[in-house]
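Work through the exercises below with the model open. Try each task before reading its solution.

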Amino acid sequence: MGLDQEPAAGAAEDSPEDSPEDGAPARGGTFEAFGDSAETRALLGRLPEVLGDCAARESALQRFRVIMDKYQQQPHLLDPHLEWMMNLLLEIVQDKTSPVDLVHLAFKFLYIITKVRGYKTFLRLFPHEVADVQPVLDMFTNQNPKDHETWETRYMLLLWLSMTCLIPFDFTRLDGNLHTQPGQTRMSITDRILQIAQSYLVVSDKARDAAAVLVSKFITRPDVKQKMADFLDWSLCTLARSSFQTIEGVITMDGMLQALAQIFKHGKRDDCLPYAATVLKCLDGCRIPDSNQTLLRKLRVKLVQRLGLTFLKPRVAKWRYQRGCRSLAANLQASTQSQREARAHVETPDSEEGYDVPEEVESVLEQLLVGLKDKDTVVRWSAAKGIGRVAGRLPQELADDVVGSVLDCFSFQETDNAWHGGCLALAELGRRGLLLPPRLPDVVPVILKALTYEEKRGACSVGDNVRDAACYVCWAFARAYEPQELKPFVARISSALVIATVFDRNVNCRRAASAAFQENVGRQGTFPHGIDILTTADYFAVGNRSNCFLVISMFIAGFPEYTRPMIDHLLTMKISHWDGVIRELSAKALHNLVQQAPEYSAAQVFPRLLSMTQSTDLHTRHGAVLTCAEVAHSLYRLAVREDRPVADYLDETVVQGLKQIHQQLYDRQLYRGLGGELMRQAVCVLIENLSLSKMPFRGDAVIDGWQWLISDTLRNLHHVSSHSRQQIKEAAASALAALCSEYYTEEPGKADSAGQEGLAEKYLAELQSPEEMTRCGFAMALGALPGFLLRGRLQQVLAGLRAVTLSSEDVSFAESRRDAVKAIARICQTVGVRAEGTPDEVVCKGNVSQIYSTLLDCLRDYTTDSRGDVGAWVREAAMTSLMDLTLLLGRDQPELIEAPTCQRVMCCLAQQASEKIDHFRAHAAHVFMTLLHAAGSAGPTVPHVPHRAELEQLFPRSEAASVNWTAPSQAFPRITQLLGLPAYRYHVLLGLAVSVGGLTESTVRHSTQSLFAHMKGIQNDPQALESFSGTLLQVFEDNLLNDRVSVPLLKMLDQMLANGCFDIFTAEEDHPFCVKLLELCKAETSKSKDVQKLRSSIAVFCGMAQFPGGVRRKVLLQLLLLLCHPFPVIRKTTASQVYEMLLTYSGVVGADVLDEVMAVLSDTAWDLELLLVRGHRNRLCDLLGVPRPQLVPKPPAGP
């Protein structure tokens, strides 16, 4: 990047919305002063000390970078401190005794400061006396341009040398006698500097940028300008010989272009003008626009504009528009008369009628206009600034032609790049007063188009940067023109900016539009309701897209000036948007907005929508159907609220149009294929909203068509793409519920026998489908049925759903089981509770236990497949359903909740709350706390909660919301307290076993620490320890050969044994706990080929060797058997762990044989053949007093 590269204005080429919308200001923008002065001074003063230590040197550099980088956004805070920092570092540089490495280090620190503050500010602080020229030149003799470690030194030296070139003395005075010896001539200082500059213009590091600065300062000196011709000739020849297709060529061209641009920027016009035409001609021959190098194209545009400024005399265009003084105080003090005089002066015709514009300027302007269409933002931005600068020196007529050429960029034949460049150019022209008010009627319409510019490209679109730049134009115009100039356009500009603020897809564009609106409100003061809108639609509020569409838009639509433009924009641009989320949000936004203009919506919006539903474009058709649904329901609600007939807003033509949508789509076969997914979902939404709007379709054939669509959609869900499946399923279920409630009743609460004949039975039959998604769909459909359709069939429906949850032959159908569980809970809420009711009508004594049994059984679903623990979906749904059912019973019929059932529910929830998956653990804890603390006016809602008093002390209501149960550090210390309550101990221990023996480091660490803390608390209570150990063995026994529990349980036992949790049992030989544990471990590992399980069991066996008596002898036998296991890895692991066990537990082996046992274990290669290993194993048996294992011959094969 060049030293003077301008920051790009406007948006980036693509600003994805997936970035977090609620961005905050950068952290660096909050300082009031340079607060690291003392540390910086200490760092710089310590440089000689850290030079010898590489680590200390790197640490100091890194720390200095961190300090400086904090001020990247407020570099001006460094200004008061720059001088002393530079002096400290230059003292090192100018000290003749400083080591070379220390000088390089000092220059590195100087570069870091320059990088943050910018070289232009820092440059002035370099010493630039006559005495400094020679030392700086001498330093270059020791520099190696190819040393990539010290480029900062060369960069800073070149900047320093460029500063010394500003001394007001002729350099020839410093040369002295150039003929030091006969036949030898010293090179002059002028030639030395020129040679240095030329050599560094072609290097590959950043010194090239500084060399360009040096050239611009040096060549433009009065005493050196005679060398300008030679230098330009050299640079143009070098440029012509270089090719942008090689790396070396790109580097060389970059250096030449930078140097030329700097010369024509800083040189006097009279000195540069003779060469400008030649440079322009050479530049045209380099074909740089064909290059893929952005920087070369940008530098070319920069050089072209500088050449254009050289061709034109520097002057201030008297014809330009002047708003007035930038100072508010000066504006207030100026009299009306003086303002009139100033304006009259501005409007006088150009006094330079005969001003001759060189013909090269036309070529310059043409190249700059082409630069506006470049593919890179930085090039377009540079071209826009160039057009503004050049136009400022042109006569009014020619400048107006330039404006016309810029407006040609806004053709729909042009790309988004041209639109973006055109916006930037218009902003520059307006900001400089070169866009006169008579041109505004031509400019404003194209800017309004640019504010909504979007062009679809494949699966996405381009145009974010165009809309952002259009906002920049509006911002610039607010500052450039008097309010009366923009007054004719206020309504259109304000509406367009408001629309962009709330309805743009891109967060950067919304924020840019909000900023432009704010600038117009402040500068123009003519925007309707500006302050009210700004306080609602500020920078942070527009960060959330849903908030913009659904909340802020509703507030702004309350002002009549904006209502219709907002509705028209959504109708024209957004409901046919390529992004489905935008279409859905637009439909919901119109649901809100049409209530502000109901007559307009009924007369204008609906006819357009109905015609759009037949569009050939899928997105338009989808958005139109969704919007029809939302607008119809919104107008119905408005009519009901105002107690007016619905026909006032929805006439017969509209109603018939809505009724025909389904049939028209069906006749055109638009429910098929990928587009059919969108249309099915949209029409389901339409069915739901028209049903809720009580459309007069009862008994009409369209009801059968709607019913067919819902059933067919649910039946064919497996043909739907996975990302759309859930949305379509939910839309169909909601549509079914609304349809049945409205059109399948003869009177409120009573079913229409003709309309719903066999519907529930058909859906129950579909639950047996071999397709999982079909089961899911119809399970949700049964859950959505209204109560009158379930009456008399409740037992049948519940039995069908129960069969789905228990289907053992389709164990992988986790999603269907999840949806069936959800449906059971929803049905229970639909039919209600009555203790003495009949099982076919309501939840009652006759069926409540079966419902609870079904849901509790689902809490044991631990199915896994290639997707992972899919059973967790079922468990989560079961927990939610248990909560809903229990709270329903507790509020209406608490006597139906029996004590054993309540205990089982709470214990199972406690188990889930102690398991390893954070999300499901948190959900279980939430349900547990909800049931515990649920209370009504008569007391607790849920009766028979075991240990309620203790639970309320352990989990007070005040902490329920503050605990983060997804964090293991907060969850496990609390849940392990339940181990002290007998009713919960078994289930909590079962859940903890999976967590303690799991794989996730944080879960294992915190669960283990919490378990050990509990064990430590009961070490002095033998009875509690006996009870705990008995429960632990019961968990092991109940889950024998269940690898999900037994493998992590073995790991947990290993940690508990190693941590001394059962040391109290070592005082008694053959303690029952030890005997039972050994028996269970043998049963678990018998004939197992699971390496992970065998390794865990080896660790447990080694831990059990601490228990005295016959148990120890049996444990040693098991370990010696494993030393001859068929798997070499098991033999090696056993030998290693037995060795460690013998070191850990004294007394396991007699002292007289200990050394030999240790030697056999360590010296034997246990991964050799079994025949070779068995002898060593038998030797260990003899040493340990354990009978040698005997091979059991295999029974002979049958005849």
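Three exercises follow, each with a worked solution.

This is a predicted model, in which local features need pLDDT of at least 70, side-chain atom pairs count only at pLDDT 80 or more, and totals for chains, interfaces and linings use all residues. Residues are numbered from 1 along each chain as its sequence is written, and side-chain values use heavy atoms, with hydrogens and water left out.

**Exercise 1.** Locate Cys-471 and decide whether Cys-471 is buried or exposed.

Solution. Start with the helix: Cys-471 sits in α22, residues 464-480. Helices are DSSP runs of H or I, at least four residues, numbered from the N terminus. Next, take the relative accessibility, which is 2%. Cys-471 is therefore buried (buried: under 20% relative accessible area; exposed: over 50%; partly exposed: in between; 1.4 Å probe, protein chains only). Finally, go to Arg-793: 322 residues away in sequence, and 62 Å away from C-alpha to C-alpha.

**Exercise 2.** Find where Asp-643 lies and give its phi.

Solution. Find the loop between α31 (618-641) and α32 (652-667); Asp-643 is there. Its phi is near 55 degrees, a positive value in a residue other than glycine. Then check the surface: the relative accessible area of Asp-643 is 71%, so Asp-643 is exposed.

**Exercise 3.** Do the same for Gln-669: which loop holds Gln-669, and what is its phi?

Solution. The loop runs between α32 and α33 (673-692). Phi of Gln-669 is near 55 degrees, again positive in a non-glycine residue. Relative accessibility is 49%, so Gln-669 counts as partly exposed.

Conventions
Helices (H or I, at least four residues) and strands (E, at least two) are DSSP runs, numbered from the N terminus.
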